[in-house]
Amino acid sequence: MILTVDVGNTRIKASVFEDNTALENFVFEKNELEKKIEKILEKYPKCSDLVVASVGNIEKQAFLTFENRLKVHFFTHEDVFPFHNKYATPKTLGIDRMILAAGATLQFPKQNRLVIDAGTCITYDFIDENDNYLGGAISPGLRLRYESLHNFTARLPLLTLEEPDSYVGNSTAQAIHSGVVNGFVYEIDGFIDEYRKEFSNFIIILTGGDADFLAKRLKNTIFANSNFLLESLSQTYQYKIDND
Ligand SMILES: Nc1ncnc2c1ncn2[C@@H]1O[C@H](COP(=O)(O)OP(=O)(O)O)[C@@H](O)[C@H]1O
Ligand SMILES: CC(C)(COP(=O)(O)O)[C@@H](O)C(=O)NCCC(=O)O
Ligand SMILES: [K+]
């Protein structure tokens with residue numbers, strides 16, 4: 001039994017896996033890290049490994065307090081991954097994107113794959129059928145768009161996610177909802193259309209905190225799996241054990 005932990009820039013997600021099957025998922029804030037992990041381990045004392053991917057400002061140090069109880073693995077660029085990394089700056093590639101790419105490679109062998117993670121940022125990661133990781137894109141996520149409109153202007157209020165009434169926003173609030181939500185959806189559909197032009201056959205995996213909201217609104221039909229990063233962590237860890 002393993003406990004996987006994904007430290008994103010907004011929240012921490014965790015999941016307990018037994019033979020690559022998730023038993024329970026958890027979401028919490030950064031300041032609750034230690035307390036929450038304690039609780040999970042109390043409930044699942046059979047956890048023998050703690051597996052972490054962090055792009056947030058929580059370093060390996062924070063997990064070492066658990067080392068007397070279970071094996072701690074903090075993923076880094078030095079680990080073995082099941083794809084060929086063609087990114088021009090492989091050392092700066094987010095470890096979350098590497099885990100997503102690894103999960104896509106392991107779960108969907110020998111095909112082109114596009115992983116879209118709608119979290120704090122939207123990340124796009126493309127791995128071709130020969131398992132070359134080619135790169136993708138990074139853009140602001142849904143909440144970040146609402147927040148940056150407010151933070152970098154004098155007059156725009158901070159709004160929370162709401163379905164826009166129309167493309168033609170007829171008030172400040174409706175104009176913001178239209179710009180943020182429709183812009184978000186159009187961007188993703190636009191990227192998918194570009195990939196489709198170049199690669200006739202590819203699988204799309206949609207994940208992240210906004211995946212379920214998005215899936216219903218995209219013109220392109222894609223299967224959303226908000227647990228894909230944690231599943232990929234479990235699989236990549238197994239791959240590491242088998243290939244080290
Ligand atoms: N309770 C919540 N707190 C914060 N963001 C949330 C919440 N529920 C849904 N979201 C959405 O999830 C997105 C962040 O996704 P998440 O995958 O948690 O990010 P990260 O992995 O970068 O920490 C935000 O854009 C926001 O719209
Ligand atoms: C792009 C990211 C900030 C996304 O983080 P997230 O939205 O998952 O919290 C993260 O993958 C990161 O810090 N990447 C480093 C730059 C790169 O991947 O090229
Ligand atoms: K992301």
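**Asp117 and the five-stranded sheet**

Visitor: Where does Asp117 lie, and what makes that segment a strand?

Guide: Asp117 lies in strand β7, residues 112-118. Strands are DSSP runs of E with at least two residues, and helices are runs of H or I with at least four, numbered from the N terminus. This is a predicted model, in which local features need pLDDT of at least 70, side-chain atom pairs count only at pLDDT 80 or more, and totals for chains, interfaces and linings use all residues. Residues are numbered from 1 along each chain as its sequence is written, and chains are lettered from A and ligands numbered from 1 in the order in which they are written.

Visitor: Why does Asp117 count as buried or exposed?

Guide: A residue is buried if 20 or more other C-beta atoms, placed from the backbone, lie within 10 Å of its own, exposed if 12 or fewer, and partly exposed in between. Asp117 has 28 such neighbours inside 10 Å and therefore counts as buried.

Visitor: Which residues does Asp117 touch, leaving aside those up to four places away in sequence?

Guide: Contact requires C-beta atoms, placed from the backbone, within 7 Å. On that basis Asp117 touches Leu100, Ile122, Thr123, Thr207, Gly208 and Leu229.

Visitor: What makes β3 and β5 edge strands?

Guide: Two strands pair if DSSP finds at least two bridges between them. The open sheet has the order β3-β2-β1-β4-β5, with mixed pairing. β3 (21-28) and β5 (71-74) each have a single partner strand, so one side of each is left without a neighbour in the sheet.

Visitor: How do you know that β1 and β4 pair?

Guide: β1 (residues 2-7) and β4 (residues 49-54) share six bridges in the parallel sense, set against the required at least two. Within this pairing, Asp6 has Ala53 of β4 as its bridge partner.

Notes
Two residues are in contact if their C-beta atoms, placed from the backbone, lie within 7 Å.
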